[in-house]
Amino acid sequence: MKCKAAVAWGPGQPLKIEEVDVQDPQAGEVLVRMVATGVCHTDAFTLSGEDPEGIFPAILGHEGAGIVEAIGEGVTSLSVGDHVIPLYTAECKECKFCLSGKTNLCQAVRETQGKGLMPDGTSRFSINGEPIFHYMGCSTFSEYSVVAEVSLAKIHVDAPLEKVCLLGCGITTGIGAVLNTAKVEEGATVAVFGLGGIGLSVIQGARMAGAGRIIAIDINESKFEMAKQFGATDCVNPKKFDAPIQQVIVDMTDGGVDYSFECIGNVDLMRSALECCHKGWGESIIIGVAGAGQEISTRPFQLVTGRVWKGSAFGGVKGRSQLPGYVEDYMNGKIEIDPFVTHTMGLEDINNAFDLMHEGKSIRTVILF
Ligand code: NAD
Ligand code: AHE
Ligand code: ZN
């Protein structure tokens with residue numbers, strides 16, 4: 001079949017709307033008609049050329065929701081008409097990682113996914129016979145996408161896809177990092193670096209966990225109002241201080257926070273986030289994604305004296321088992337999504353969504369197909 005998709009032809013180039021050929025789903029694969037997709041900073045990161053796994057030409061997008069249009073041979077867990085969220089972190093329920101009980105990082109399709117291919121090592125997208133690569137196993141910037149069965153969460157048929165698409169990455173990542181990775185306790189003091197879709201979701205998660213104090217940090221003060229709406233108790237602009245931000249936070253909190261979250265992708269701020277943690281027990285969670293060749297550093301003494309450095313991918317959430325519950329938590333009012341959707345537009349305007357993100361004017365733009 002043919003459909004419209006936004007194609008990333010090369011690093012730093014605007015996406016181009018193209019008519020692409022989409023091959024039928026093969027064994028273990030599913031054809032999804034996309035209804036909506038968010039635009040996450042990670043899409044911009046890969047488009048910038050900073051992603052070591054970035055590969056072009058590709059169809060980006062990994063925060064979508066849609067409806068099963070066709071299934072390939074051997075697909076048993078999904079039927080035509082099911083409502084689904086594509087998962088960049090698959091869940092096969094069989095691999096060493098899935099069975100470990102220690103991680104959500106299923107490896108069933110990860111190797112080929114990182115090469116922009118389906119599990120059999122080929123692409124389902126092409127233009128004039130030339131293959132176009134998949135992205136993060138999702139490629140949601142397309143009217144139709146082929147996704148591995150293990151990379152699809154079946155969700156409640158009544159959930160509004162134009163909202164719950166954001167559970168495909170940003171909101172789940174932030175809430176999950178608080179509840180699964182850090183396991184923030186009631187009354188804890190939390191610092192959140194970066195107030196985009198991820199940081200605001202961390203704040204939402206921290207409030208759900210009953211955190212006592214939530215310190216929101218950003219250089220764009222226009223983000224502070226929404227941070228407060230989600231539960232931030234203090235908002236700090238590092239540019240307003242001469243001292244390093246970690247010192248500012250330590251001074252505000254009688255020795256440091258119990259938990260911090262880096263939601264920007266800046267290795268200097270990853271250090272600040274670790275070093276604003278309390279001696280003896282403070283834990284810092286890296287969520288932000290840093291560019292090729294970048295490395296983190298700190299004095300080992302920071303760890304010797306009890307601070308803990310961790311990372312979190314998709315909030316530690318196992319997509320097929322747990323994401324349907326997140327969708328239902330939205331439907332019954334336990335999780336907020338609507339305020340995150342600051343802009344909506346058609347696929348033809350998708351470059352505008354990237355501009356709004358870079359200008360700091362949006363939290364999430366949702367593309368409606
Ligand atoms: P975003 O662009 O919407 O938000 C980033 C925020 O950081 C903005 O509010 C910006 O003003 C702020 N910021 C930038 N530089 C800053 C600085 N020097 N000091 C303080 N604040 C600063 O991005 P997002 O979609 O929320 O994503 C945030 C990060 O999380 C990205 O690196 C993204 O790739 C990553 N991410 C990781 C996962 C994961 O599973 N680990 C999932 C989704 C996104
Ligand atoms: N490809 C990059 C790393 C990108 C990355 O860290 N991705 C996050 C998800 S960001 C979603 O917005 C992730 O889950 N990583 C775990 C995984 O298996 O990809 C690189 O540095 O090579
Ligand atoms: Zn994302």
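## Helices, ligand shells and two residues of a predicted model

In helix α9, the buried residues are L269, M270, R271, S272, A273, L274 and E275. This structure is a predicted model. Helix α9 runs over residues 267-275, and seven of its nine residues are buried, so the helix is largely enclosed by the rest of the structure. What encloses it? The cover over the buried residues of α9 includes three strands named β10 (189-193), β13 (259-262) and β14 (283-286). It also includes β15 (308-311) and the helices α8 (245-252) and α10 (300-304).

**The chain as a whole**

The protein chain has 12 helices and 17 strands. Its C-alpha trace spans about 60 × 40 × 40 Å along the principal axes. A compact globule of 369 residues would have a radius of gyration near 21 Å; this chain has 20 Å, which agrees. Of the 369 residues, 51% count as buried. Consider the contacts with a separation of 6 or more: residues 24 or more positions apart account for 71% of them.

**Helix α11**

Helix α11 covers residues 319-331. Its 13 residues, at 1.5 Å a residue, should span 18 Å; the end C-alpha atoms are 17 Å apart, which agrees. Which residues of α11 are buried? They are G319, R320, L323, Y326, V327 and Y330. These residues cover an arc of only 120° around the axis, which puts them on the same side of α11. There they pack against the strands β5 (83-86) and β9 (152-155), and against the helices α4 (161-164) and α5 (170-182). After α11 comes G333, with a positive phi near 85°.

**Two residues in their settings**

G66 is found in strand β4, residues 63-71. Is G66 buried or exposed? With 28 other C-beta atoms within 10 Å, G66 is buried, since 20 or more are needed. Leaving aside neighbours within four places in sequence, G66 is in contact with V32, R33, M34, V35, V84 and L161. The C-alpha atoms of G66 and E336 are separated by 20 Å, and the two residues are 270 apart along the chain.

D120 sits in a loop, between α3 (110-114) and β6 (125-127). D120 has 13 other C-beta atoms within 10 Å, and is partly exposed. From D120 to V109 is 11 residues in sequence, and 9.4 Å in space from C-alpha to C-alpha.

**The ligand shells**

The model holds ligand 1, which 33 residues surround. The closest are H41, G194, G196, I198 and G265. Which elements give two or more residues to this shell? They are α1 (41-48), α5 and α6 (197-208).

Around ligand 2 stand C40, T42, D51, P52, E53 and T89. L105, R110, C169, V289, A313 and F314 also belong to its surroundings. The table gives the make-up of each shell.

| Shell | Nonpolar | Polar | Charged |
|---|---|---|---|
| Ligand 1 | 17 residues | 14 residues | two residues |
| Ligand 2 | seven residues | two residues | three residues |

Conventions
Residues are numbered from 1 along each chain as its sequence is written. Chains are lettered from A and ligands numbered from 1 in the order in which they are written. This is a predicted model: local features need pLDDT of at least 70, side-chain atom pairs count only at pLDDT 80 or more; totals for chains, interfaces and linings use all residues. Helices (H or I, at least four residues) and strands (E, at least two) are DSSP runs, numbered from the N terminus. The expected span of a helix is 1.5 Å times one less than its number of residues. A residue is buried if 20 or more other C-beta atoms lie within 10 Å of its own, exposed if 12 or fewer, and partly exposed in between; C-beta atoms are placed from the backbone. The arc is that of the directions from the helix axis to the C-beta atoms. Two residues are in contact if their C-beta atoms, placed from the backbone, lie within 7 Å. The radius of gyration is taken over C-alpha atoms; the globule rule is 2.2 Å times the number of residues to the power 0.38. A residue is near a molecule or strand if its C-beta atom, placed from the backbone, lies within 6 Å of it. Ala, Val, Leu, Ile, Met, Phe, Trp, Tyr, Cys and Pro count as nonpolar, Asp, Glu, Lys and Arg as charged, and the others, Gly among them, as polar.
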